[in-house]
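Please work through the following exercises on helix packing and residue burial. Each task is followed by a solution in steps.

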Amino acid sequence: MASLIASLAGATTHHEIGLFALALAVAAVSAITTVIGALATCVQCWLLYAGFIVGRSGSLVLDEASVETAGLFTIIALAATGLASGGTTVFARLSR
């Protein structure tokens, strides 16, 4: 859904729109799921970005920017998962 909305907002010509929308989707899902779920979301969003926003026709684009985007999505996924689980742990300890 994020890639569709980003494409309608002009992400095929301005890739940063798609990057932001999909990074937001990765962070949101990663904050409420497990590490495996976060990484699966990261891979899916990267494939959508590289295949439909940069590649436009569903053909996967593997260039330097695409690899950097994969790394960025991975960092976002792991950070959001870690922050969410850390917040849950702190909240549980404070509520005792």
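The exercises below concern a predicted model and proceed from the overall fold to individual residues.

**Exercise 1. Overall composition**

Task: Determine how many helices and strands the protein holds, and what share of its residues is buried.

Solution.
- Step 1. The protein has four helices and zero strands.
- Step 2. Read from the N terminus, the order of elements is α-α-α-α.
- Step 3. Of the 96 residues, 28% are buried.
- Step 4. Take the contacts between residues at least 6 apart in sequence: 57% of them join residues at least 24 apart.

**Exercise 2. The packing of α2 and α3**

Task: Establish whether α2 and α3 are roughly parallel or roughly antiparallel, and state which residues meet.

Solution.
- Step 1. The two axes come within 9 Å, and they cross at roughly 165°.
- Step 2. Angles over 145 degrees count as roughly antiparallel.
- Step 3. α2 and α3 are therefore roughly antiparallel to each other.
- Step 4. The crossing in which α2 passes α3 is right-handed.
- Step 5. On the α2 side, the residues that meet α3 are H15, G18, L19, L22, A25, V26, V29 and S30. Their partners in α3 are A38, T41, C42, C45, L48, Y49 and I53.

**Exercise 3. The largest nonpolar core**

Task: Identify which residues of the largest nonpolar core touch the most other members, and which element gives the most to this core.

Solution.
- Step 1. The core has 15 residues, and L22, I53 and F73 touch the most other members.
- Step 2. Two or more residues come from each of α2 (15-30), α3 (35-53) and α4 (64-94).
- Step 3. The most is given by α3, with seven residues.
- Step 4. For F73, neighbours within four places in sequence are left aside; the contacts are then L19, L22, A23, V26, C42, C45, W46 and Y49.

**Exercise 4. The aromatic pair**

Task: Classify the geometry of the pair formed by the rings of Y49 and F73.

Solution.
- Step 1. The structure holds one aromatic pair.
- Step 2. The ring centres of Y49 and F73 are 6.3 Å apart and the planes stand at 75°, so the pair is edge-to-face.
- Step 3. Y49 belongs to helix α3 and F73 to helix α4, so the pair ties together parts that are 24 residues apart in sequence.
- Step 4. Y49 and F73 are both buried.

**Exercise 5. S66 and its surroundings**

Task: Decide whether S66 is buried or exposed, and name the residues that S66 touches.

Solution.
- Step 1. S66 is located in helix α4.
- Step 2. The relative accessible area of S66 is 3%, and buried means under 20%, so S66 is buried.
- Step 3. Not counting residues up to four places away in sequence, S66 touches W46, A50 and V61.

**Exercise 6. Two valines between α3 and α4**

Task: Assign V61 and V54 to an exposure class, and describe where they lie relative to other parts of the chain.

Solution.
- Step 1. V61 is found in the loop between α3 and α4, and V54 lies in the loop between α3 and α4 as well.
- Step 2. V61 has a relative accessibility of 22% and counts as partly exposed; V54, at 24%, is partly exposed.
- Step 3. V61 and A50 are eleven residues apart in sequence, with a C-alpha to C-alpha separation of 5.3 Å.
- Step 4. V54 and A11 are 43 residues apart along the chain, and their C-alpha atoms are separated by 8.5 Å.
- Step 5. Not counting residues up to four places away in sequence, V61 touches A50, V54, G55 and S66, while V54 touches H15, Y49 and V61.

Technical notes
Residues numbered from 1 in each chain as written. Predicted model: local features only at pLDDT ≥ 70, side-chain atom pairs only at ≥ 80, totals over all residues. Heavy atoms only, no water. Core = buried A, V, L, I, M, F, W, Y, C linked by side-chain atoms within 4.5 Å. Buried < 20%, exposed > 50% of the residue type's maximum accessible area, 1.4 Å probe, protein only. Contact = heavy atoms within 4.5 Å. Phe/Tyr/Trp six-rings, centres within 6.5 Å; stacked < 30°, edge-to-face > 60°. Axes fitted to C-alpha atoms, helices over the stretch in contact; angles between N-to-C directions. Parallel < 35°, antiparallel > 145°, perpendicular 65-115°, else oblique. Left-handed = near helix turned anticlockwise from the far one by under 90°.
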